[in-house]
Amino acid sequence: MRLLRSAAFQISAALTLIILISTLAVSYVILRKEKELFTREILSRWHFQARTLARDLTEPMLYEDIYTLYALLKHTVETNPDLLGAELRSKNLNLHLRYPRDHFSPTGALVISEAITSPDLGTLGEIRLFLRRGVISERLLATEKRLLLLVLVILINSILAALWVARRVVHPVLVLNREAQRIARGEFGHTVKISAVGEIRELVETFNRMSQSLKEMVEELKRTHERMARAEMLAALGQFAAGVAHEIKNPLTSISLLVELAARGRARPEDFEILRKEIRRLDHIVKSFLDFAKSRREDLPREKVQLNNLVEEVLTILRPQARRQGVEIRAELSELPLFESSPEALKQILLNLALNALQAMPEGGRLTVRTALKDGKVWLSVEDTGPGIPEDIRRRIFEPFFTTKPEGTGLGLSITHNLVKALSGEIHIHSREGAGTRVEIELPLSPEEQDEEKNTPPSH
């Protein structure tokens with residue numbers, strides 16, 4: 001099948017077919033002309049012979065010499081194997097003589113007739129010669145054989161010519177196609193060295209220039225990407241350090257003051273409770289930082305999971321808090337197949353989103369969790385009826401340390417975003433002020449799609 005789809009085969013077949021059809025059309029025209037020519041030639045020759053015989057029969061007809069008349073008819077038939085027989089008819093076209101007398105049937109024969117006339121008496125009768133119809137077809141068959149041989153010779157030559165053309169034209173294109181596939185795989189800089197002429201040669205030269213240009217561009221892009229990655233890493237490190245310093249500054253300040261008071265013996269019992277609270281706050285901050293660092297891993301342990309079961313587990317944990325806040329929890333779960341993912345990461349994602357939704361509805365509302373299978377993807381949706389997220393905040397919602405909550409670290413949604421990306425998924429936020437927020441998670445169903453997502457370079 002690959003040979004049939006190849007350009008060389010298709011071009012060769014097309015050229016051969018065109019030449020074959022042209023040859024057959026010319027042969028058909030030649031055969032028709034030959035048939036017409038043979039028919040006219042044979043009829044003309046036999047009409048001439050019939051006229052000659054009519055002149056020879058004139059005198060015996062005048063004297064009614066039956067013997068001579070019969071002898072002439074017999075001689076004519078026996079000396080011409082193409083004749084089936086001959087008839088001599090009277091002036092009134094009544095049968096006068098016939099040769100041979102037996103085993104002769106003029107049905108289906110070609111009739112050549114000529115009048116027997118006398119200058120003095122006018123028409124004396126008519127001679128009829130019965131010619132075999134196969135005479136023309138036999139002559140035509142010989143011509144067909146010669147034409148068939150000619151068609152075979154032309155066909156063989158056309159195949160050889162088509163193969164030669166295919167090699168001269170298609171072979172360079174096939175080589176270019178193979179090299180283009182190497183470039184598509186990222187092997188830049190390869191050049192093509194083949195002998196070609198005309199436009200094909202220009203195409204080869206253009207391809208070689210393009211390959212070299214792509215190699216230079218890719219190398220420059222790599223250098224630029226490395227510089228940008230270093231700059232981004234330094235910026236992220238600076239932002240992370242600033243976030244850490246900002247988050248631990250206040251607890252450390254409080255702890256330092258309380259320790260100093262304790263050293264002077266001026267600490268009160270309630271100061272130790274404050275000290276324990278600040279230490280717990282530092283522990284929470286450090287734990288959040290560790291969760292954020294872990295969420296950026298791409299080698300999360302995977303196993304076959306049933307997402308609906310994980311949703312039920314998380315909602316069971318959240319229902320007591322939801323009841324205290326007056327929040328109604330709805331689970332609209334579609335039937336889902338098992339798929340390969342990280343159950344702990346999925347629980348963390350769902351828990352973070354659900355807690356954010358509950359925090360957005362302190363006076364009550366409705367929390368809806370949905371699952372679905374669409375276009376070969378697993379979808380998880382968490383929707384609340386809270387106040388919604390303003391546009392300016394929505395743009396920065398996944399930034400580390402960005403938060404609008406006094407007690408928050410600004411890492412919850414950043415962790416969620418990193419976990420979704422580590423699972424080769426996508427996260428979408430739909431929100432309108434006063435109309436609530438819906439967060440949708442899109443996850444690949446098969447490991448092949450996960451690998452494809454990982455290998456796909458990010459778009460800028």
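A residue counts as buried when its relative accessible area is under 20%. Ile-389 has a relative accessible area of 16%, so Ile-389 is buried. This model is predicted.

**Ile-389 and its place**

Ile-389 belongs to the loop between β9 and α9 (391–394). His-430 is 41 residues away from Ile-389 along the chain. In space, the C-alpha atoms of Ile-389 and His-430 are separated by 8.9 Å.

**The chain as a whole**

The protein chain holds 11 helices and 11 strands. Of its 460 residues, 33% are buried. Its accessible surface is about 29,100 Å². Carbon and sulfur atoms account for 57% of that surface. Among contacts with a separation of 6 or more, 67% join residues 24 or more positions apart.

**Helix α7**

Helix α7 covers residues 307–325, which makes 19 residues. At 1.5 Å a residue, the helix should span 27 Å. Its end C-alpha atoms are 26 Å apart, which agrees.

α7 has a kink of about 40 degrees at Leu-318. The kink comes shortly before the proline Pro-320. Leu-318 is also one of the buried residues of α7. Others in that list include Leu-307, Asn-308, Val-314 and Gln-325.

What do the buried residues of α7 pack against? Their partners are the strands and helix β5 (303–305), β6 (327–333), β7 (339–341), α8 (343–359), β8 (365–374) and β9 (377–384). After α7 comes Gly-326, whose phi is positive, near 75 degrees.

**Rings and a charge**

How many aromatic pairs does a search of the whole structure find? The search finds 1. Tyr-70 and Tyr-99 form that pair, and the pair is edge-to-face. Tyr-70 lies in helix α3 (residues 66–78) and Tyr-99 in strand β2 (residues 95–99), so the pair ties together parts that are 29 residues apart in sequence.

Is Tyr-99 buried or exposed? Its relative accessibility is 13%, so Tyr-99 counts as buried.

A charge also meets a ring in this model. The charged end of Lys-374 sits over the ring of Trp-379.

The table sets out distances for these side chains and for the loop residue.

| Residues | Distance |
|---|---|
| Tyr-70 and Tyr-99 | 5.6 Å centre to centre, 80 degrees between the planes |
| Lys-374 and Trp-379 | 4.3 Å from the charged end to the ring centre |
| Ile-389 and His-430 | 8.9 Å between C-alpha atoms |

How values were computed:
Residues are numbered from 1 along each chain as its sequence is written. This is a predicted model: local features need pLDDT of at least 70, side-chain atom pairs count only at pLDDT 80 or more; totals for chains, interfaces and linings use all residues. Side-chain values use heavy atoms; hydrogens and water are left out. Helices (H or I, at least four residues) and strands (E, at least two) are DSSP runs, numbered from the N terminus. The expected span of a helix is 1.5 Å times one less than its number of residues. The bend at a residue is the angle between axes fitted to the seven residues ending there and the seven starting there. Buried means under 20% relative accessible area, exposed over 50%, partly exposed in between (1.4 Å probe, protein chains only). Contact means heavy atoms within 4.5 Å. Rings of Phe, Tyr and Trp (its six-membered ring) pair if their centres lie within 6.5 Å; planes under 30 degrees apart count as stacked, over 60 as edge-to-face and the rest as tilted. A charge sits over a ring if NZ of Lys or CZ of Arg is within 6 Å of the ring centre and within 35 degrees of the ring normal. Accessible areas come from the Shrake-Rupley method with a 1.4 Å probe; for residues, only the protein chains shown count as cover.
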